[in-house]
Amino acid sequence: MSSVTVRIGQIKQPRGGYVKPSEFEMIKLDDGVILNPVENIHGTITGMAVDYLTRFAMGDKAVDAFAVSVHGAVIAENLGMNGALDGAEELLKGIRGLDDVSIINACKLVTFDAWRRNPEGAMLGRGYDEINPDKDTIQNIRTFVKRSTAFWEKYGPVVRDGFTFEPADADKEECERVKETHTGSFGGYTAIVDSGDGDYLTKDTLWDFKVTKSKPAAKHTLQLLMYWIMGQHSGQEIYKGITKLGIFNPRLNIIYLLDISKVSGDIIKEVEENVICY
């Protein structure tokens, strides 16, 4: 059993990837802002902080925008990290906007995501008290969030964020049966890929946010395709109108778009059968 991202690391894609990044249309944006060249925290933390702060800036309550982090803190507490939940709740209270303190608290809080996604790895990782973004990093994160909200003003509105792939008529007992027997499927999830959640849905596009310094790789485009396929298998009405895959990178300030119709049926079938394993 694994998440979408872990599963991608387990399989070997064909040359160039199941979905070649070069097939995506590239749209460059320009706000005239020059980023600081050096940041002092890991890009993964920056990416999650930007994602959740963007949701918060767009109107989500902080507890909803950082729901994965809070859930991770609960898991950390249950696994013996005393004070994890109290610490997370205190950090959450300090997130009020895009001021320095809010951004620092967001960067610290998202470290708890690892406890939900990979508890064993989280035990060996750095604690939230060790994450202290400097002024250059804080300013970049502020710019990324502003770019993200400006992006949504043109390409939104968002109809759902933090989307998952449970069946429309979710049955908890059936979910547990799939996990215990390692057979069958539960909506979009299977015994092989039993977790994974995406970033944003608009009316016709499934979006992922990346804050990497490089253009999308095959692992990123496969992640998008897997999300789309899992959405179709979930039976949820919201996925039926999704016809495009999109990536927005606020660091590069570039949009990448691909119409699903350009992905061959053979590729979709191979990913269904050999990657997600329906």
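Select Thr 205 first: it stands opposite Lys 244 in β9. Keep in mind that this is a predicted model.

**Stop 1: strand β8**

Extend the selection to β8 (205–209). Five of its five residues are buried, so this strand is mostly covered. Show the side chains. Thr 205, Trp 207 and Phe 209 point one way, while Leu 206 and Asp 208 point the other way. Both sets are buried.

Now add β9 (244–249). β8 and β9 pair in the parallel sense, over five bridges. Further along the pair, Asp 208 stands opposite Ile 247 in β9.

Turn to the other partner, β7 (200–201). β7 and β8 pair in the antiparallel sense, over two bridges. Here Tyr 200 stands opposite Trp 207 in β8. The two strands form a hairpin, with three residues between them.

**Stop 2: the whole sheet**

Which strand order does the open sheet have? Read it as β2-β10-β9-β8-β7-β3: six strands with mixed pairing. The edge strands are β2 (25–28) and β3 (160–161), each pairing on one side only.

Bring in α11 (218–234). Together with β8 and β9, α11 makes a right-handed β-α-β unit.

**Stop 3: the nonpolar cores**

In soluble globular proteins, nonpolar side chains tend to be buried together. Here the largest nonpolar core has 34 residues. Select Leu 206, Leu 225, Met 226, Trp 228, Met 230 and Val 271, the residues with the most contacts inside this core. The elements giving two or more residues to the core are α1 (4–10), α11, β9, β10 and α12 (265–276). Which element gives the largest share? That is α11, with eight residues.

Centre on Val 271. Setting aside neighbours within four places in sequence, Val 271 is in contact with Tyr 18, Leu 222, Leu 225, Met 226, Ile 229, Ile 276 and Cys 277. A second, separate core has 33 residues, including Met 48, Leu 53, Leu 91 and Ile 95.

**Stop 4: helix α9**

Select α9 (135–155). Its 21 residues should span 30 Å at 1.5 Å a residue, and the end C-alpha atoms are 30 Å apart, which agrees. Among its buried residues are Ile 138, Ile 141, Phe 144, Val 145, Phe 151 and Trp 152. The buried list also includes Arg 142 and Arg 147. What covers the buried residues of α9 includes α2, α6, β7, β8, β9 and β10.

Pick out Arg 142 in α9. Is Arg 142 buried or exposed? Its relative accessibility is 13%, so Arg 142 counts as buried, the cut-off being under 20%. Beyond its neighbours within four places in sequence, Arg 142 is in contact with Leu 98, Asp 99, Asp 100 and Ile 103.

**Stop 5: helix α6**

Follow those contacts to α6 (residues 100–109). Seven of its 10 residues are buried, so α6 is largely enclosed by the rest of the structure. Those buried are Ser 102, Ile 103, Asn 105, Ala 106, Cys 107, Lys 108 and Leu 109. The cover over them includes α2 (43–57), α4 (67–78), α5 (84–93), α7 (113–117) and α9. At the start of α6, look at Asp 99: one of its side-chain oxygens reaches to within 3.2 Å of the backbone nitrogen of Val 101.

**Last stop: Phe 186**

Select Phe 186 in strand β4 (residues 185–186). With 7% relative accessibility, Phe 186 counts as buried. Now add His 233. The two residues are 47 apart along the chain, and their C-alpha atoms are separated by 8.9 Å.

Conventions:
Residues are numbered from 1 along each chain as its sequence is written. This is a predicted model: local features need pLDDT of at least 70, side-chain atom pairs count only at pLDDT 80 or more; totals for chains, interfaces and linings use all residues. Side-chain values use heavy atoms; hydrogens and water are left out. Buried means under 20% relative accessible area, exposed over 50%, partly exposed in between (1.4 Å probe, protein chains only). Helices (H or I, at least four residues) and strands (E, at least two) are DSSP runs, numbered from the N terminus. Contact means heavy atoms within 4.5 Å. A polar contact is a pair of N or O atoms within 3.5 Å; within protein, one must be able to donate a hydrogen and the other to accept it, and residues adjacent in sequence count only if both atoms are side-chain atoms. The expected span of a helix is 1.5 Å times one less than its number of residues. Two strands pair if DSSP finds at least two bridges between them. A nonpolar core is a set of buried Ala, Val, Leu, Ile, Met, Phe, Trp, Tyr and Cys residues joined through side-chain atoms within 4.5 Å. A crossover is right-handed if, with the strands pointing away from the viewer, the path from the first strand over the helix to the second runs clockwise.
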